[in-house]
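Please look over the chain shown here before reading the report. The text is best followed with the coordinates open beside it.

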Amino acid sequence: MNETPETSTDQVPEPAQLDQEEPPQLREVSKDELRMIIEAHKTWLTTEGKEGKQANLIRANLQEADLGGADLQKADLLEANLQEANLGRANLQEANLHAANLRKANLHAANLQNTSLHAANLQEAYLFNANLQKAGLLEANLQEANLGDANLQKAGLRAANLQNANLRAANLQEADLFNANLQEADLFNANLQEANLGDANHLQGANPQAARFFTRSQVKRAANWQLAFYSRDFLEKLSLSADHNDKVKMKLAEIEKKKKKSVAKP
């Protein structure tokens, strides 16, 4: 009598059986279709949902689209591609831009109040004078973004990447910056009153001394605060030496040199 071989319970599944996450497929939207969607959305807003239709632009490919001044309040732009799009002075209040690609987009003076921008890519985006009050920017990429004069009051910026971002004169009052990366960010004249910088915030190369309402306790809760630049008065408050800034310049140059060496290695 032939014995049936035992089947192993630890068999590796075939490649076809493995769950593989594929990048979301974008859908093409023509200029005429986009115009009709915006018109129907405007009607939907003015009639409070009785007529028209809410804009559904989920995963829409809107790269380089001209949406300047458009009323997209409460529109659904989940995972949409808006790279290099013009959204200057657009109304995106309470819109869903979760995981959207807004790299190098023009959002000058745009209304993004209460907008969901969780995990959105805003790298090098132009957000000068934009309203981001209470916007959700959890884990958003704002590296090298221009947020000068922007309103970020009570914005959720936990774990956001603000490396090399321009935050000059930005309002960050009561903003949640816990674990955010502010490395080499420009905070000149920014309002950080009651902002939460948390225990793991990176200030390496930043200039927090130039910010307004920035306290000693806020600085000392941040990571790498010893590698930031401070004014003479602030150096005394932090019990740092008068030549601290010169030492930081040398230290940062040393760190950069090591980075270049590691990249050059095969």
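The report moves from the overall fold to the pocket, the aromatic pairs and a number of single residues.

## Overall architecture

The model discussed here is a predicted one. Its chain contains 4 helices and 2 strands, and these elements follow one another along the sequence in the pattern β-α-β-α-α-α. The chain has 266 residues, of which 42% count as buried.

The contacts can also be described by their separation in sequence. When contacts between residues at least 6 apart in sequence are considered, 10% of them join residues that are at least 24 apart.

## The largest pocket

The largest pocket holds about 150 Å³ of space. Its lining is drawn from two stretches of numbering, with V29, S30, K31 and L34 in one group and N61, L62, Q63, E64, A65 and D66 in the other. Sorted by class, that lining comprises 4 nonpolar, 3 polar and 3 charged residues.

## Aromatic pairs

How many aromatic pairs does a search of the whole structure find? The search returns 2 of them. In one, the ring centres of Y126 and F128 are 6.2 Å apart and the ring planes meet at 15 degrees, so this pair is stacked, the cut-off for stacking being planes under 30 degrees apart. Y126 is partly exposed, with a relative accessible area of 35%, and F128 is likewise partly exposed, with a value of 28%.

The other pair joins Y230 and F234, whose ring centres are 5.9 Å apart and whose planes lie at 10 degrees, so that this pair too is stacked. Here, however, Y230 counts as buried, at 2% relative accessibility, and F234 is buried as well, with a relative accessible area of 8%. Both residues fall in that class because buried means under 20% relative accessible area.

## Residues with a positive phi

Most residues other than glycine have a negative phi. Against that background, A99 deserves a look, since its phi is positive, at about 60 degrees, although A99 is not a glycine. A99 is placed in the loop between β2 and α2, and at 29% relative accessibility A99 counts as partly exposed.

N189 is another non-glycine residue with a positive phi of about 60 degrees. The loop between β2 and α2 is also the place of N189, which counts as partly exposed at 32% relative accessibility.

## Polar residues in the loop between β2 and α2

N141 is found in the loop that runs between β2 (60-61) and α2 (216-221). The side chain of N141 reaches the backbone nitrogen of Q143 at a distance of 3.1 Å. Leaving aside neighbours within four places in sequence, N141 is in contact with A120, N121, L122, Q123 and N161.

D176 has its place in the loop between β2 and α2, and its side chain reaches the backbone nitrogen of F178 at 3.2 Å. With neighbours within four places in sequence again left aside, the residues in contact with D176 are A155, G156, L157, R158 and N196.

N171 is a further residue of the loop between β2 and α2. N171 and N131 are 40 residues apart in sequence, while their C-alpha atoms are 9.7 Å apart in space. Not counting residues up to four places away in sequence, N171 touches A150, N151, L152, Q153 and N191.

## T46 in helix α1

Is T46 buried or exposed? At 62% relative accessibility, T46 counts as exposed, because the exposed class covers values over 50%. T46 is placed in helix α1, which spans residues 31-46. The side chain of T46 reaches the backbone oxygen of T43 at 3.1 Å, a polar contact that can be set beside those made by the side chain of N141 with the backbone nitrogen of Q143 and by the side chain of D176 with the backbone nitrogen of F178.

Technical notes. Residues are numbered from 1 along each chain as its sequence is written. This is a predicted model: local features need pLDDT of at least 70, side-chain atom pairs count only at pLDDT 80 or more; totals for chains, interfaces and linings use all residues. Side-chain values use heavy atoms; hydrogens and water are left out. On a 1 Å grid over the protein atoms alone, a cavity is a set of points where a 1.4 Å probe fits but cannot get out, and a pocket is an open set with protein on both sides within 12 Å along at least five of seven lines; lining residues have an atom within 4 Å of a point. Grid points are joined across faces, edges and corners, and a volume is the space filled by probe spheres set on the points. Ala, Val, Leu, Ile, Met, Phe, Trp, Tyr, Cys and Pro count as nonpolar, Asp, Glu, Lys and Arg as charged, and the others, Gly among them, as polar. Rings of Phe, Tyr and Trp (its six-membered ring) pair if their centres lie within 6.5 Å; planes under 30 degrees apart count as stacked, over 60 as edge-to-face and the rest as tilted. Buried means under 20% relative accessible area, exposed over 50%, partly exposed in between (1.4 Å probe, protein chains only). A polar contact is a pair of N or O atoms within 3.5 Å; within protein, one must be able to donate a hydrogen and the other to accept it, and residues adjacent in sequence count only if both atoms are side-chain atoms. Contact means heavy atoms within 4.5 Å.
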